[in-house]
Protein chains: 2
Amino acid sequence: MNIRIKWLRDQLKSMELEGMIVSNPVNVKYLTGLEEEGTLIVAPKENVFITDSRYIESVNNKLTIDDEIVAYDMRNMSKYDYEGFFMSCHDIGFEEKYVTYEVYKRYLQIYQVNLVETEGIIENHRIVKDEEEIGYIKKACEITDCAFEHIKKVLKYGITERELSFEIEKFMIENGADGVAFDTIVAFGENTSMPHAVPTNRKLQSGDIIQIDMGAQYKGYCSDFSRVLFIDEMKKEYEEVYDFVLEEQRKIVDSFKNGVNIKPIIKDRETDYHLKNFNVMHSFGHGVGMEIHEEPILSSKMDSFLKENAMIAIEPGVYKSGRFGIRIEDTYHITKNSCINLAKSGKNDIILSLKDRN
Amino acid sequence: MNIRIKWLRDQLKSMELEGMIVSNPVNVKYLTGLEEEGTLIVAPKENVFITDSRYIESVNNKLTIDDEIVAYDMRNMSKYDYEGFFMSCHDIGFEEKYVTYEVYKRYLQIYQVNLVETEGIIENHRIVKDEEEIGYIKKACEITDCAFEHIKKVLKYGITERELSFEIEKFMIENGADGVAFDTIVAFGENTSMPHAVPTNRKLQSGDIIQIDMGAQYKGYCSDFSRVLFIDEMKKEYEEVYDFVLEEQRKIVDSFKNGVNIKPIIKDRETDYHLKNFNVMHSFGHGVGMEIHEEPILSSKMDSFLKENAMIAIEPGVYKSGRFGIRIEDTYHITKNSCINLAKSGKNDIILSLKDRN
């Protein structure tokens with residue numbers, strides 16, 4: 001049996017659960033490597049992957065005897081098969097953060113057990129990355145670094161946000177990414193005031209601020225990266241905010257390492273914002289891994305302790321309604337004694353003259 | 001108030017519900033036009049969109065007084081605001097197919113009402129498209145037609161599945177699509193035996209069968225389209241299956257029009273499959289609209305009657321494990337008396353000689 005399923009079985013035992021229904025496809029992939037649609041049943045006697053006729057062939061091609069996972073095709077299953085998995089069990093874990101109310105009711109009916117909330121045990125375990133996962137995230141960060149260099153080369157007056165975002169995604173895929181980690185955000189000028197701006201046909205012009213937020217996906221793992229650039233000049237009002245945001249990121253980075261409580265650090269940052277009369281529009285960061293937003297969230301709401309080999313995107317941002325916004329983001333590796341930036345792109349050389357380009 | 005929210009309010013009244021919590025972002029967009037994250041509260045006194053600080057600016061920019069929707073920023077809301085929406089109400093609808101068990105429990109706590117399942121009322125209403133929606137889907141279908149012509153031009157020995165799928169997506173976006181409707185499926189040779197094949201580095205060679213399944217997104221609406229092509233020659237075993245699949249699609253199309261029951265038609269198709277000893281690996285089709293898979297599903301399991309101005313993808317497929325698969329799919333417009341194909345790409349000229357190309 002693979003090490004991750006073994007870990008889960010030990011966890012369940014310690015929680016006095018006799019099994020678990022794993023429905024979240026990201027967790028299924030984490031535990032089994034399988035990307036096909038289906039549900040993983042961790043039952044007392046065996047591990048079962050219930051899939052359907054579209055996927056059964058590719059699932060059976062992937063599973064080996066060492067996996068100790070039996071694949072079932074839904075077509076060939078009866079009421080008794082479902083009831084049989086947890087025969088004479090009482091408490092079975094399920095993923096209350098993923099399973100819909102409708103599916104919850106169906107599980108109750110088909111599995112005939114008491115369903116117990118598991119409070120994200122698998123998501124919490126995914127926070128700490130192993131060597132292979134760290135390698136994949138580093139590679140994804142390398143790709144975003146290269147893409148940022150490429151952006152600086154292709155920028156010219158008149159390019160639209162949509163054209164640039166498409167160019168970025170194309171570049172990442174042609175340069176080693178398996179896909180994008182999320183829809184690339186490109187915003188020019190006043191459009192930067194919205195943290196989740198969707199690229200439009202707004203054209204680039206001299207004096208503009210550019211916000212880019214992008215991520216690559218490599219072997220199923222993500223990078224998360226944001227930068228701003230200033231075209232031809234950097235207005236005074238931008239400069240003050242830029243320096244503030246960069247300093248906030250630096251303060252977080254300087255205090256992050258294994259074992260540190262996130263809460264007071266973020267609380268201090270919020271105080272900095274309030275003193276400047278800036279709104280805190282979104283969290284200061286989040287875990288990165290198979291998903292672009294993972295645990296832990298960098299929040300001042302509750303105690304949460306950093307763990308060695310967690311990968312964290314740190315992304316302070318300031319937004320001036322209707323005018324502009326500035327966000328800086330890098331993906332960091334939490335180590336025993338520090339917090340290492342996986343992105344190599346600088347944050348000082350940010351004024352780009354396009355005057356010679358057209 | 002817009003016509004769709006008015007319709008929903010009438011529906012709720014007829015179901016003896018005093019309001020509804022709309023959480024599914026597709027349904028929120030359908031009802032309000034808003035794409036920002038948030039929850040629509042249809043309450044006795046008002047319509048409320050609860051969003052957060054990342055989106056409040058763009059939401060307020062979009063809403064007009066005619067929308068009769070008040071936007072709330074979660075940051076500024078208290079326990080009493082939530083309780084106030086449904087003050088002295090008893091039964092409030094929610095989306096049991098979308099809301100997770102965790103969120104269901106949170107809703108119970110914050111809204112202090114009895115939550116009633118609404119059995120997909122909004123999804124069912126979305127089946128019938130209005131003139132504007134039909135126009136968008138037609139345009140999305142035009143884009144896939146053009147992309148298919150483009151594919152035939154760029155195919156050459158040695159191109160990989162991944163390269164071709166990327167080329168298709170790039171073409172669609174450069175030719176009017178706002179995005180892709182789903183990850184493009186491109187499979188060569190033996191890889192076609194898996195209905196949901198993920199593109200690999202498998203290279204195209206003479207004698208190959210090619211399966212393509214692609215869709216464009218235009219103004220938020222999808223097209224769904226599949227074709228097979230045969231490189232240089234069409235082996236005998238392919239020909240028999242191809243003709244069968246094409247004939248199955250034709251039989252469905254010939255019987256589809258407003259008011260027809262889907263069930264017996266699909267049951268007959270399943271009989272055809274069994275007589276040939278073919279497995280039915282997936283449904284024969286589905287509604288298409290804002291989502292690539294919508295109601296109704298073309299299934300023999302229960303009665304379901306076609307409606308005028310439904311848009312339906314019809315996609316019979318036959319798969320021979322480890323050898324090959326063939327699926328043909330077009331998006332159709334259900335009218336009063338017939339079923340009109342929105343795709344113009346032919347299904348007869350399917351052998352493509354690449355001998356002169358390299």
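This tour proceeds from the whole assembly to individual helices and a sheet, naming what to select at each stop. The structure is a predicted model.

**Chain A as a whole**

Select chain A and display its C-alpha trace, which spans about 70 × 40 × 35 Å along its principal axes. Shown as a cartoon, chain A has 10 helices and 20 strands. Of its 358 residues, 40% are buried. Contacts in chain A between residues at least 6 apart in sequence can be sorted by separation: 67% of them join residues at least 24 apart.

**The two chains together**

Now display chain A and chain B. Chain A is superposed on chain B by a rotation of 180 degrees with 0.0 Å of shift along the axis, and the RMSD is 0.0 Å. This is the relation of a two-fold axis. To find the axis from chain A, select Thr100(A): its C-alpha is the nearest to the axis in that chain, at 1.9 Å. Both copies use the same surface, since 100% of the contact residues of chain A recur in chain B.

**Helix 5 of chain B**

Select residues 101-111 of chain B, which form helix 5, and show the side chains of Tyr101(B), Tyr104(B), Tyr107(B) and Tyr111(B); these four are buried. Around the helix axis they cover an arc of only 115 degrees, which places them on the same side of helix 5 of chain B. The face turned away from that buried side carries the exposed residues Arg106(B) and Gln109(B).

Next, add the surroundings of the buried residues. They pack against helix 5 (101-111) of chain A, and also against strand 1 (20-22), helix 4 (79-85), strand 5 (91-94) and strand 6 (114-117) of chain B. After helix 5 of chain B comes Gln112(B), with a positive phi near 55 degrees.

**The four-stranded sheet of chain B**

Select strands 8, 9, 12 and 20 of chain B: in the order 8-9-12-20 these 4 strands form an open sheet with mixed pairing. Its edges are strand 8 (185-188) and strand 20 (351-352) of chain B, each of which pairs on one side only. Helix 7 (residues 131-154) of chain B packs on the sheet, where it touches strand 9, strand 12 and strand 20 of chain B; the direction of helix 7 makes about 155 degrees with that of strand 9.

Within the sheet, focus on strand 9 (residues 209-214) and strand 12 (residues 225-231) of chain B, which pair in the antiparallel sense over 6 bridges. Here Met214(B) stands opposite Phe225(B) of strand 12. Then add helix 8 (residues 161-174) of chain B, which lies across strand 8 and strand 9 and runs at about 150 degrees to strand 8.

**Helix 10 of chain B**

The last stop is helix 10 (residues 262-276) of chain B. At 1.5 Å a residue its 15 residues should span 21 Å, and the end C-alpha atoms are 22 Å apart, which agrees. Color Ile262(B), Ile266(B) and Arg269(B), the buried residues of this helix. Viewed down the axis of helix 10 of chain B, the buried residues fall within an arc of 55 degrees, so they line one face of the helix. Their cover includes helix 9 (236-255) and strand 14 (294-297) of chain B.

On the face turned away from the buried side, select the exposed residues Pro264(B), Lys267(B), Thr271(B), His274(B) and Leu275(B). Finish at Asn277(B), just after helix 10 of chain B, where phi is positive at about 65 degrees.

Note on methods: Residues numbered from 1 in each chain as written. Chains lettered and ligands numbered in written order. Predicted model: local features only at pLDDT ≥ 70, side-chain atom pairs only at ≥ 80, totals over all residues. Pairing = 2+ DSSP bridges. Helix = DSSP H or I, 4+ residues; strand = E, 2+ residues; numbered from the N terminus. Contact = placed C-beta atoms within 7 Å. Axes fitted to C-alpha atoms, helices over the stretch in contact; angles between N-to-C directions. Least-squares fit on C-alpha atoms with pLDDT ≥ 70 in both. Expected span 1.5 Å × (residues − 1). Buried ≥ 20, exposed ≤ 12 C-beta atoms within 10 Å, placed from the backbone. Arc of directions from axis to C-beta.
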